[in-house]
Amino acid sequence: MGMNAYIRLRTLQLNEGISNSLMIRLGGAYVCLVLLISCLAVLSLRQLTDAADHRVQYAVLRKIGVDSRQIDKYVLQQMLVWFGVPILMAFLASASILIYLAVNEYSYYAPYLATHQVAGIYAMVLGIALVVLLCYFTATWFLSKRERTW
């Protein structure tokens, strides 16, 4: 009888430790999403202030014969670098962490989360991050384009 009580308490302790660890990691994922949104807002504001500050330079480029579509192309390339590099680095870091967890610590979570559930959660978080990125990127593009055409 005493052995069964010990096993139940040990199992309960293990389950609580694993669930607490998972909750901390999910909380960290939420903090990362908030940080992502903050960083995208800063990047967006930076691009918009640059567009406003360089309004005279865009006018000079038009006067010397550079087509507006060519200017838009260069600004789009600049924005892709400004938005793309941080997101690419974050994606590579999260993918490497996910691979590390899958290789080294998945056995702790296997009774609670199947592989397809983890992949679904990862895909959902990645999808949300991409939607947020695309919203910020398109809003910044259209607002900076409006700023360049004035």
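In what order do the elements of the protein chain run from the N terminus on? I looked this up before anything else, bearing in mind that the model is a predicted one, and I read the order as α-α-α-α-α. I then noted the secondary structure total for the protein chain, which comes to five helices and zero strands.

Overall form. I took the radius of gyration of the protein chain next and found 24 Å, well over the 15 Å that the globule rule gives for 150 residues, so I describe the chain as more spread out than a compact globule. Along its principal axes I have the C-alpha trace spanning about 90 × 20 × 15 Å. For burial I noted that 18% of the 150 residues count as buried, and for the accessible surface I wrote down about 10,900 Å², with 72% of it belonging to carbon and sulfur atoms. I also looked at contacts with a separation of 6 or more, and residues 24 or more positions apart account for 85% of these.

Aromatic rings. I searched for aromatic pairs and the structure holds one. Its partners are F83 and F137, whose ring centres lie 5.4 Å apart and whose planes stand at 90°, so I entered the pair as edge-to-face, the cut-off for that class being over 60 degrees. The pair links distant parts of the chain, as F83 sits in helix α3 and F137 in helix α5 (residues 115-148), 54 residues apart. I checked the accessibility of both residues, and I have F83 as buried and F137 as buried too.

T140. Is T140 buried or exposed? I found a relative accessibility of 1% for T140, which therefore counts as buried, the cut-off being under 20%. T140 belongs to helix α5, and once I left aside its neighbours within four places in sequence, I listed its contacts as S44, Q47, L48, M79 and F83. I marked F83 in that list, since I had already met F83 as a member of the aromatic pair.

Surface patch. Which residues form a nonpolar patch on the surface? I have V81, V85, L88, M89, F91 and L92, with about 560 Å² of accessible area together. Among them I followed up V85, which I placed in helix α3 (residues 68-104). Its relative accessibility is 46%, so I recorded V85 as partly exposed. My last remark on helix α3 is that it holds V85 of the patch and also F83 of the aromatic pair, and that F83 is buried whereas V85 is partly exposed.

Terms used:
Residues numbered from 1 in each chain as written. Predicted model: local features only at pLDDT ≥ 70, side-chain atom pairs only at ≥ 80, totals over all residues. Heavy atoms only, no water. Patch = residues over 30% accessible without salt bridge, like charges linked within 9 Å, V, L, I, M, F, W, Y side chains within 5 Å. Areas by Shrake-Rupley, 256 points an atom, 1.4 Å probe, with all protein chains shown as cover. Salt bridge = Lys/Arg side-chain N within 4 Å of Asp/Glu carboxyl O. Helix = DSSP H or I, 4+ residues; strand = E, 2+ residues; numbered from the N terminus. Buried < 20%, exposed > 50% of the residue type's maximum accessible area, 1.4 Å probe, protein only. Phe/Tyr/Trp six-rings, centres within 6.5 Å; stacked < 30°, edge-to-face > 60°. Rg over C-alpha atoms; globule rule 2.2 N^0.38 Å. Contact = heavy atoms within 4.5 Å.
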